[in-house]
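Me: I have a two-chain model open. Please teach me how to read its strands, its interface and its core.

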Amino acid sequence: MRPSHSPALIEARVGNRLTILLFVFCLWAGIILLRMAQFMIFERDRTVEAMEREAVFRGFVPAARGRILDRDGRVLAWSERVFSVHWQVPRDAGQAARERALLGAEPWLTAGLPEPLPADWLGVRVLLAQGLEVERAVQLEPLADALRGLEVSAVFRRHLAGDAGVQALLGRVGRAADGGEVGLSGLEQEHDEVLRGRPGVFEVMLDKEGRWLPETWQKVSELRPGYDVQLPLRVRLAEGGPP
Amino acid sequence: MSIRPDIEAWKQRFGVCLLAALAALMLTGARDITQELRQRSARLEQVRTQLSEWSRHLAGRPVPTPGPDLASRHALFLVRTCALPTRQP
């Protein structure tokens, strides 16, 4: 009878175990390879689409409408972007108080807020300011980064110069589906094709909290402002016209 | 004739395969990272230029900012505030 610890037997056992180990490794490598093939070849389009939907924000920026000028180059109608600031008040009173303290960095934002915040304000979206000019809006950049509930958004405001007669001739604009302005009546409607710009489209990747990753921002299509229209009319304007 | 596996030979083969796979992975990764690093500054400059073009249009007039970094952050902020999401299919 051979002893169970004879070198030949041990070698055979190790050999067997090594073969089993090799088989397990091969099986493991095969499974990984199949899964990789599944993701990278067979379900590639679906996987990439799902990943992009979650990780990439595709957006567009409405273009500003062109101006209307009289024959001497005086501006009769022009558009300006103005900004609104909303605060999504947290549902938790403590969190709301902390955020309010942060908002205090810009006292003009919190000037209209009651102190302390009433309970029925919790969880509500509050308008803090509107009609802000761009210089004021960009001051809120650090605050908007720190406070997820602070929303700064932009809308167009169309200005018309001249008296009521001129303004009636120029017509009115409304908000278009693409976020820009569309001519509804008068010369604004007549020259709408020329005055309207083309929105710019972009893509940017998001981090796990949904924030933009600046270095991944890329333009998809060019942002083109609307063209100006010069009328064959001469209009006398009062003081305090357009910039 | 022995049917026992030659353990040393198998070890060597397995080791060589493992090393080859690891080397391939590391080389691929290193190449991608090198390319990314080489293109990074050009890419950042391109993003900065495009964003500043857009922000000039969005502001409608030059907004004075001290320094290119702050100008770049303001440009991104302006684009973010004016942006609307495209409709998902």
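Reply: Start where the chains share a sheet: β1(A) and strand β1 (residues 84-85) of chain B pair in the antiparallel sense over 2 bridges. Two strands pair if DSSP finds at least two bridges between them. Strands (E, at least two residues) and helices (H or I, at least four) are DSSP runs, numbered from the N terminus.

Me: What should I know about the model and its numbering?

Reply: The model is predicted: local features need pLDDT of at least 70, side-chain atom pairs count only at pLDDT 80 or more, and totals for chains, interfaces and linings use all residues. Residues are numbered from 1 along each chain as its sequence is written, while chains are lettered from A and ligands numbered from 1 in the order in which they are written.

Me: Which residue of β1(B) is the bridge partner of A:Phe60?

Reply: B:Leu84 is that partner.

Me: In what order do the strands of this open sheet run?

Reply: The order is β9(A)-β8(A)-β1(A)-β1(B), 4 strands with antiparallel pairing. β9 (218-221) of chain A and β1 of chain B are the edge strands, each pairing on one side only.

Me: How many bridges join β1(A) to β8(A)?

Reply: There are 6, and the two strands run antiparallel. A:Gly59 stands opposite A:Phe202 in β8(A). A:Arg58 has A:Glu203 as its bridge partner. On the other side, β8(A) is joined to β9(A) by 3 bridges, again antiparallel. There A:Phe202 has A:Lys219 as its bridge partner.

Me: Which residues of β8(A) are on the covered face, and which on the uncovered one?

Reply: A:Gly200, A:Phe202 and A:Val204 are on the covered face. A:Val201, A:Glu203 and A:Met205 are on the uncovered one.

Me: How do I read the interface?

Reply: Use contacts: two residues are in contact if their C-beta atoms, placed from the backbone, lie within 7 Å. Here 34 residues of chain A are in contact with 29 residues of chain B. The largest share of chain A's side, 6 residues, comes from α1(A). That side divides into 21 nonpolar, 6 polar and 7 charged residues. Ala, Val, Leu, Ile, Met, Phe, Trp, Tyr, Cys and Pro count as nonpolar, Asp, Glu, Lys and Arg as charged, and the others, Gly among them, as polar.

Me: And a nonpolar core?

Reply: In soluble globular proteins, nonpolar side chains tend to be buried together. A core is a set of buried Ala, Val, Leu, Ile, Met, Phe, Trp, Tyr and Cys residues joined through C-beta atoms within 7 Å. Buried means 20 or more other C-beta atoms within 10 Å of a residue's own; exposed means 12 or fewer, partly exposed in between, with C-beta atoms placed from the backbone. The largest core has 36 residues, and A:Val61, B:Leu78 and B:Val79 touch the most other members. Helix α2 (residues 68-82) of chain B gives the most, 6 residues.

Me: Which residues is A:Val61 in contact with, leaving aside neighbours within four places in sequence?

Reply: Its contacts include A:Pro199, A:Gly200 and A:Leu223, and from chain B, B:Trp54, B:Leu58 and B:Val79.

Me: Why does α2(A) lie largely in the open?

Reply: Of its 12 residues, the number buried is 0, so α2(A) lies largely in the open. Helix α2 of chain A covers residues 44-55 and reaches 16 Å from first C-alpha to last, close to the expected 16 Å. The expected span is 1.5 Å times one less than the number of residues. For chain A as a whole, 20% of its 243 residues count as buried.
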